[in-house]
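Please look through the sequence and the structure below before reading on, and keep both in view while you follow the report.

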Amino acid sequence: MTPTVKFKKLCSSARVPEKRSFGAAAYDIYYPYDDAITLYSGDVRIVSTGLAVEIPQGWKGEIYSRSGLASRGLFVANQPGKIDSDYRGEIKILLYNSSLNSITLVKGARVAQFELNPVYDFEWREVDELSVTERNHAGLGSTGTGLGDPATVEEGYRAGKQCDMPI
């Protein structure tokens, strides 16, 4: 069964998210307001969409950057942004301009993409030991960076630090 996302327009010019091609994996979200928004280099701004949604239980909405905007330096800052099934407020998008140039959003601009994905419930179980793997504790580039340099992974922030309360 295909899930249904109910939506409510919070302003008359809000647009229903839509796929721009048959094979698109996500729905484009539009900026609906007459007042343009300019994000200067390094800015992080909350961008309103004029839409509120009701996501079915067992599902979550996820907000992603659009590749065309990302190639110009405009990203969803908390990618993917999550929309829980019990949230009923306006969809707002946290955008970050990583470029050296300002980027202006005008009415009708496609500012992000929306995906609907299932939520899996699971349980947490505390154990004394975890299974051993070939990789084991190595992380943060330990399988290579693809940049031509051998990975140099330092224990980093945790190095030499102890938990506040020993077990």
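The report below moves from the whole chain to one sheet and then to two single residues.

## Overall make-up

This is a predicted model, and the protein in it has one helix and ten strands. Read along the sequence, these elements follow the pattern β-β-β-β-β-α-β-β-β-β-β, and 25% of the 167 residues count as buried.

Contacts can also be sorted by how far apart the partners lie in the sequence. Among contacts between residues at least 6 apart in sequence, 68% join residues that are at least 24 apart.

## A sheet of four strands

Strands of a sheet pair through backbone hydrogen bonds, and this pairing can be either parallel or antiparallel. In this protein, four strands form an open sheet in the order β2-β10-β5-β7, with antiparallel pairing. The edges of the sheet are strand β2, covering residues 27–30, and strand β7, covering residues 81–83, each of which pairs on one side only. On average, and with direction ignored, neighbouring strands of this sheet are turned by 35° against each other.

The pairing of β5 with β7 can be followed in detail, since strand β5 spans residues 59–64 and is joined to β7 in the antiparallel sense over three bridges. In one of the pairings between residues, Glu62 has Lys82 in β7 as its bridge partner.

## Trp59 in strand β5

Trp59 belongs to strand β5. Is this residue, Trp59, buried, partly exposed or exposed? Trp59 is partly exposed, because its relative accessible area is 27%, and the partly exposed class lies between the limits of 20% and 50%.

Leaving aside neighbours within four places in sequence, Trp59 is in contact with Pro3, Ser85, Leu116, Asn117, Pro118 and Val119. Although Trp59 and Val119 are 60 residues apart along the chain, their C-alpha atoms are separated by 5.1 Å.

## Glu90 in strand β8

Glu90 lies in strand β8, which covers residues 90–97. Which side chain of opposite charge is nearest to Glu90? That side chain is Lys92, at 4.2 Å, and Glu90, although buried, has no salt bridge; the cut-off for a salt bridge is 4 Å.

Glu90 does have polar partners, however: its side chain makes a polar contact with the side chain of Tyr33 at 3.3 Å, and a polar atom of the Glu90 side chain lies 2.6 Å from the backbone nitrogen of Gly50. Not counting residues up to four places away in sequence, Glu90 touches Leu10, Tyr33, Ser48, Thr49, Gly50, Leu51 and Ala52.

Technical notes. Residues are numbered from 1 along each chain as its sequence is written. This is a predicted model: local features need pLDDT of at least 70, side-chain atom pairs count only at pLDDT 80 or more; totals for chains, interfaces and linings use all residues. Side-chain values use heavy atoms; hydrogens and water are left out. Two strands pair if DSSP finds at least two bridges between them. Helices (H or I, at least four residues) and strands (E, at least two) are DSSP runs, numbered from the N terminus. Axes are lines fitted to C-alpha atoms, for helices over the stretch in contact, and angles run from 0 to 180 degrees between N-to-C directions. Buried means under 20% relative accessible area, exposed over 50%, partly exposed in between (1.4 Å probe, protein chains only). Lys and Arg count as positive and Asp and Glu as negative; His and the chain ends are not counted. A polar contact is a pair of N or O atoms within 3.5 Å; within protein, one must be able to donate a hydrogen and the other to accept it, and residues adjacent in sequence count only if both atoms are side-chain atoms. Contact means heavy atoms within 4.5 Å.
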